[in-house]
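Let's take a walk through a protein model together, starting with its ligand and then turning to a few residues elsewhere. Keep the picture at hand as you read.

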Amino acid sequence: MNLSHIEHIGIAVSNLEEAVKYYENVLGLTCYAIEEVKDQKVRTAFFKVGQTKLELLESTSPDGPVAKFIEKRGQGVHHIAFAVKEIEKALQEVEQKGVRLIDQNPRKGAEGLEIAFLHPKSTFGVLTEFCEDKGK
Ligand code: CMX
């Protein structure tokens, strides 16, 4: 397993534009991209803080995972994403160690990364994402 760094922290918000204002006007960060990820039923806004990104997530559908999360648990930290090398191998490795996978195979996420999620019930309550930039 080769986790190189925290690629991003995902934060569920009810209103993307309002949340972007807070990160820009209060924390002084700059939103460098807003992107819809249809597959995940979200609109995302990205900020960079050093090597790590913050990804704000607004649901585009009441039955999407982020809408369900906010309904159950309120706005807040939704997931942590680790940058990995050879994402398929990393998934196999954690599965062999008893972790329940949400995605058996990687799929395309925001910024063109290959992404896959591990189930929070087998990762001590933290929805965990692996991502790999195959372009690098
Ligand atoms: N972090 C921690 N726990 C979570 C969670 C999260 N983000 N989301 C759900 N849970 C918990 C719920 O609280 C619930 O726990 P209890 O049973 O103790 O109440 C349990 O997981 C089941 O939750 P649920 O509301 O019934 O939802 P589902 O089982 O239908 O889905 C999950 C949960 C994690 C499998 C689903 O949200 C998923 O597949 N997530 C991965 C995809 C995703 O989140 N995409 C959005 C981000 C995309 C991006 O970054 O681009």
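This is a predicted model. Begin with Glu-55: an N or O atom in the Glu-55 side chain is 3.0 Å from an oxygen atom of the ligand. Two further side chains make contacts of this kind, so to speak, and the table sets them next to Glu-55.

| Residue | Distance from a polar side-chain atom to a ligand oxygen |
|---|---|
| Glu-55 | 3.0 Å |
| His-79 | 3.5 Å |
| Lys-121 | 2.7 Å |

How much of the ligand does the protein bury? Taken alone, the ligand exposes 970 Å², and 75% of that is buried by the protein. If you look for the place where this happens, you will find the ligand in the largest pocket.

Now look at the neighbours. There are 19 residues around the ligand, and those that come nearest are Gln-40, Lys-68, Arg-73, His-78 and Lys-121. Lys-121 is also the residue whose side chain has an N or O atom 2.7 Å from a ligand oxygen. Sorted by character, the shell holds eight nonpolar, five polar and six charged residues.

Which elements supply at least two residues of this shell each? They are the strand β4 (52-59), the helix α2 (65-73) and the strand β5 (76-84). The largest share comes from α2, with six residues.

Next, follow the chain to two residues with an interesting backbone angle. Most residues other than glycine have a negative phi. Glu-86, however, has a positive phi, near 55°. You can find Glu-86 in the loop between β5 and α3 (87-96). Glu-111 also has a positive phi, near 60°, and lies in the loop between β6 (107-108) and β7 (114-118).

Are these two residues buried, partly exposed or exposed? Glu-86 has a relative accessible area of 44%, so it is partly exposed. Glu-111 has a relative accessibility of 29%, and therefore it counts as partly exposed too.

Finally, visit Thr-128, which is part of strand β8 (residues 128-132). Thr-128 counts as buried because its relative accessibility is 9%, and buried means under 20%. What does the side chain of Thr-128 reach? Its partner is the backbone oxygen of Val-126, at 2.9 Å.

Note on methods
Residues are numbered from 1 along each chain as its sequence is written. This is a predicted model: local features need pLDDT of at least 70, side-chain atom pairs count only at pLDDT 80 or more; totals for chains, interfaces and linings use all residues. Side-chain values use heavy atoms; hydrogens and water are left out. A residue is near a molecule or strand if one of its heavy atoms lies within 4 Å of it. A polar contact is a pair of N or O atoms within 3.5 Å; within protein, one must be able to donate a hydrogen and the other to accept it, and residues adjacent in sequence count only if both atoms are side-chain atoms. Accessible areas come from the Shrake-Rupley method with a 1.4 Å probe; for residues, only the protein chains shown count as cover. On a 1 Å grid over the protein atoms alone, a cavity is a set of points where a 1.4 Å probe fits but cannot get out, and a pocket is an open set with protein on both sides within 12 Å along at least five of seven lines; lining residues have an atom within 4 Å of a point. A molecule sits in a cavity or pocket if more than half of its atoms lie within 2 Å of its grid points. Helices (H or I, at least four residues) and strands (E, at least two) are DSSP runs, numbered from the N terminus. Ala, Val, Leu, Ile, Met, Phe, Trp, Tyr, Cys and Pro count as nonpolar, Asp, Glu, Lys and Arg as charged, and the others, Gly among them, as polar. Buried means under 20% relative accessible area, exposed over 50%, partly exposed in between (1.4 Å probe, protein chains only).
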